[in-house]
Amino acid sequence: QPKSGKTKKILIWLHGLGDSSQGFSSEFQNRFGPDDTKVILPNAPIRPITVNFGAKMQGWYDIASLDRDEFEKNEDVKGALESRAKLTNILADAVDEMDNSEQVYLGGFSQGGAMSLATGLMYPKPLGGIISCSGYMIMRHEPIESRIHQLDSHGPILLWHGIHDPVVPKVHAMKTYEQMKDELPDSQLVTTYTHDYEHTMTLPQFLQIKQWIEDTP
């Protein structure tokens, strides 16, 4: 629940591969959560992850390889679409609660950041914002209409990436971000930040996200 006790906005935050909602609960709900903002932390389903030798863990979709070409060649579109359907329902409930889609924000870290882009850009109403930290675009070889619902009605997008990220290298992430910006007519709404870290969330990121949400109407 928001610190003020009154919900004016909702942030839905998605964890990364192998993590859970508990991984972010203290940061968002106790330390860096925006005032007047209710934070919802969904859990990904447990599934075998190929790149981790088939070990079962929480993941929004399977990952076959950390190599970008192999990842895209063997992309788990079915798993991603199933997760997107689940997250779309959570978004719809949040929009109903607020009675205003632009008071609802969707974000995440790593695989959760990828899912926030895949889900938020397909939502039929503009959101308050979409946030991807150490994420990337998935299903980018699919037709644009299957990845972006309405090109002329999306909210602002905040992208963060570590320049030393060994898991999702900056060069690959920025390549997918540039494609997204090329496809969106109002690329001015897309803000990209880099930071001097690896594959992690940092204090400046939490504070930036908090401020970004609080500064929007």
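Start by selecting Gly 129: leaving aside neighbours within four places in sequence, Gly 129 is in contact with Val 104, Tyr 105, Leu 106, Pro 156 and Trp 212. Bear in mind as you look around that this is a predicted model. Gly 129 is found in strand 6. Is Gly 129 buried or exposed? Its relative accessibility is 1%, so Gly 129 counts as buried. Now add Leu 189 to your selection. Gly 129 and Leu 189 are 60 residues apart along the chain, and their C-alpha atoms are separated by 9.5 Å.

**Step back for the whole view**

Clear the selection and switch to a cartoon view. The protein has six helices and eight strands. If you follow the chain along the sequence, you will meet them in the pattern β-α-β-β-β-α-α-β-α-β-β-α-β-α. There are 217 residues in the protein, and buried ones make up 53% of them. Consider also the contacts with a separation of 6 or more: 71% of these are accounted for by residues 24 or more positions apart.

**Strand 1 and its partners**

Next, select residues 9-14, which form strand 1. How many of the residues of strand 1 are buried? Six of its six residues are, and the strand is mostly covered. Show the side chains and compare the two faces. On one side you will find Lys 9, Leu 11 and Trp 13, on the other Ile 10, Ile 12 and Leu 14, and all of these are buried.

Add residues 37-40, which are strand 2. Strand 1 and strand 2 pair in the parallel sense over four bridges. To see a matching pair of residues, pick out Leu 11, which stands opposite Val 39 in strand 2.

Then add residues 104-109 for strand 5. Strand 1 and strand 5 also run parallel, joined by five bridges. Here the pair to look at is Ile 12, which stands opposite Leu 106 in strand 5. You have met Leu 106 before, among the residues in contact with Gly 129.

**A hairpin with an exposed residue**

Move on to strand 3 (46-49) and strand 4 (55-58). These two strands run antiparallel and are joined by four bridges. Click on Arg 47 and look across to Met 57 in strand 4, which stands opposite. The hairpin has five residues between the strands. One to select in this loop is Phe 53. Its phi is near 60 degrees, a positive value in a residue other than glycine. Phe 53 has a relative accessible area of 83%, so this residue is exposed.

**The loop after strand 5**

For another positive phi, go to Ser 110, in the loop between strand 5 and helix 4. Phi of Ser 110 is near 60 degrees as well, again in a residue other than glycine. Ser 110 counts as buried because its relative accessibility is 10%.

From Ser 110, continue to Ser 134, which touches it. Ser 134 lies in the loop between strand 6 and strand 7. With a relative accessibility of 0%, Ser 134 counts as buried. Which residues does Ser 134 touch, not counting those up to four places away in sequence? Besides Ser 110, they are Phe 109, Trp 160, His 161, Asp 165, Val 168, Tyr 177, His 199 and Thr 200.

**The largest pocket**

Turn on a surface to look for the largest pocket, whose volume is about 280 Å³. Its lining is made up of 19 residues, and those nearest its centre are Ile 63, Leu 66, Ser 110, Val 167 and Val 168. The lining divides into 10 nonpolar, seven polar and two charged residues.

**Along helix 5**

Select residues 170-183 to bring up helix 5. At 1.5 Å a residue, its 14 residues should span 20 Å, and the end C-alpha atoms are indeed 20 Å apart, so the two agree. Colour the buried residues of this helix: Ala 173, Met 174, Thr 176, Tyr 177, Met 180 and Glu 183. Among the elements covering them are helix 2 (68-73), helix 4 (111-120), strand 6 (129-133), strand 7 (157-162) and strand 8 (190-195).

**A last stop on helix 3**

Finish with Glu 82, in helix 3 (residues 77-98). Glu 82 counts as partly exposed, at 41% relative accessibility. Show Tyr 61 too: Glu 82 and Tyr 61 are 21 residues apart in sequence, and 8.5 Å apart in space from C-alpha to C-alpha.

Conventions. Residues are numbered from 1 along each chain as its sequence is written. This is a predicted model: local features need pLDDT of at least 70, side-chain atom pairs count only at pLDDT 80 or more; totals for chains, interfaces and linings use all residues. Side-chain values use heavy atoms; hydrogens and water are left out. Buried means under 20% relative accessible area, exposed over 50%, partly exposed in between (1.4 Å probe, protein chains only). Two strands pair if DSSP finds at least two bridges between them. The expected span of a helix is 1.5 Å times one less than its number of residues. Contact means heavy atoms within 4.5 Å. On a 1 Å grid over the protein atoms alone, a cavity is a set of points where a 1.4 Å probe fits but cannot get out, and a pocket is an open set with protein on both sides within 12 Å along at least five of seven lines; lining residues have an atom within 4 Å of a point. Grid points are joined across faces, edges and corners, and a volume is the space filled by probe spheres set on the points. Ala, Val, Leu, Ile, Met, Phe, Trp, Tyr, Cys and Pro count as nonpolar, Asp, Glu, Lys and Arg as charged, and the others, Gly among them, as polar.
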